[in-house]
Amino acid sequence: MRPLELAKFDRQPVIVQLPDDTLMGIFLRSAGGSQEATARTSTNNGQSWSGEASLLTLPKASGAWAMPEAFVDRQGEIHLFPLDCREAQGRIDIWHLKSTN
């Protein structure tokens, strides 16, 4: 028996659970020559998902932004840790971003 497909994501999201039990899938996408963190949400335990919504535009990187890690703290703030891959300089910078609401 094949598993039931509930949603199709074009990119692999990082899933976090918000304090109100909403699931949020966070991923990076290219938009208008830059990259942005975007999200889709589900209020019914993943049975259906919203469309994509932009969370923030990342600064222009000298390399490329890579998949963030994410978690929600006890105060309900979302923390993102995207990677700025600077291959020309032979390093990877780890950024920390957090929500304010």
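Contact here means heavy atoms within 4.5 Å. Keep that in mind as you click around this predicted model.

**Stop one: M24**

Select M24 and show whatever surrounds it. Skip the neighbours within four places in sequence, and M24 is in contact with V14, I15, V16, L18, A39, R40, T41, W49 and I78. Leave M24 highlighted for the next stop.

**Stop two: the largest nonpolar core**

In soluble globular proteins, nonpolar side chains tend to be buried together. Here the largest nonpolar core has 13 residues, and those touching the most other members are V16, M24, I26, A70, I78 and L80. Select those six residues. Then colour the strands β1 (14-17), β2 (23-31), β3 (34-42), β5 and β6, the elements that each give two or more residues to this core. Which of them gives the most? That's β2, with three residues.

**Stop three: S42**

Now jump to S42, which you'll find in strand β3. Is S42 buried or exposed? It's buried, because its relative accessible area is 0%, and the cut-off for buried is under 20%. Turn on the surroundings, again without the neighbours within four places, and S42 is in contact with D21, T22, L23, Q47, S48 and W49. Pick T22 from that group: S42 and T22 sit 20 residues apart in sequence, yet their C-alpha atoms are 5.7 Å apart in space. Before moving on, add N44, whose side chain makes a polar contact (3.0 Å) with the side chain of S42.

**Stop four: the aromatic pairs**

How many aromatic pairs are there to look for? The count comes to two. Start with W65 and W95, an edge-to-face pair at 5.1 Å centre to centre, with 80 degrees between the planes. This pair links distant parts of the chain, 30 residues apart: W65 belongs to strand β5 (residues 64-72), while W95 is in the loop between β7 (91-94) and β8 (97-98). Switch on a surface and compare the partners: W65 counts as buried at 7% relative accessibility, whereas W95, at 31%, counts as partly exposed.

For the other pair, select F71 and F81, which are stacked, 6.0 Å centre to centre and with 15 degrees between the planes. They too link distant parts of the chain, F71 in strand β5 and F81 in strand β6 (residues 78-86), 10 residues apart. With the surface still on, F71 counts as partly exposed at 38% relative accessibility, and F81 counts as partly exposed at 26%.

Note on methods. Residues are numbered from 1 along each chain as its sequence is written. This is a predicted model: local features need pLDDT of at least 70, side-chain atom pairs count only at pLDDT 80 or more; totals for chains, interfaces and linings use all residues. Side-chain values use heavy atoms; hydrogens and water are left out. Rings of Phe, Tyr and Trp (its six-membered ring) pair if their centres lie within 6.5 Å; planes under 30 degrees apart count as stacked, over 60 as edge-to-face and the rest as tilted. Helices (H or I, at least four residues) and strands (E, at least two) are DSSP runs, numbered from the N terminus. Buried means under 20% relative accessible area, exposed over 50%, partly exposed in between (1.4 Å probe, protein chains only). A nonpolar core is a set of buried Ala, Val, Leu, Ile, Met, Phe, Trp, Tyr and Cys residues joined through side-chain atoms within 4.5 Å. A polar contact is a pair of N or O atoms within 3.5 Å; within protein, one must be able to donate a hydrogen and the other to accept it, and residues adjacent in sequence count only if both atoms are side-chain atoms.
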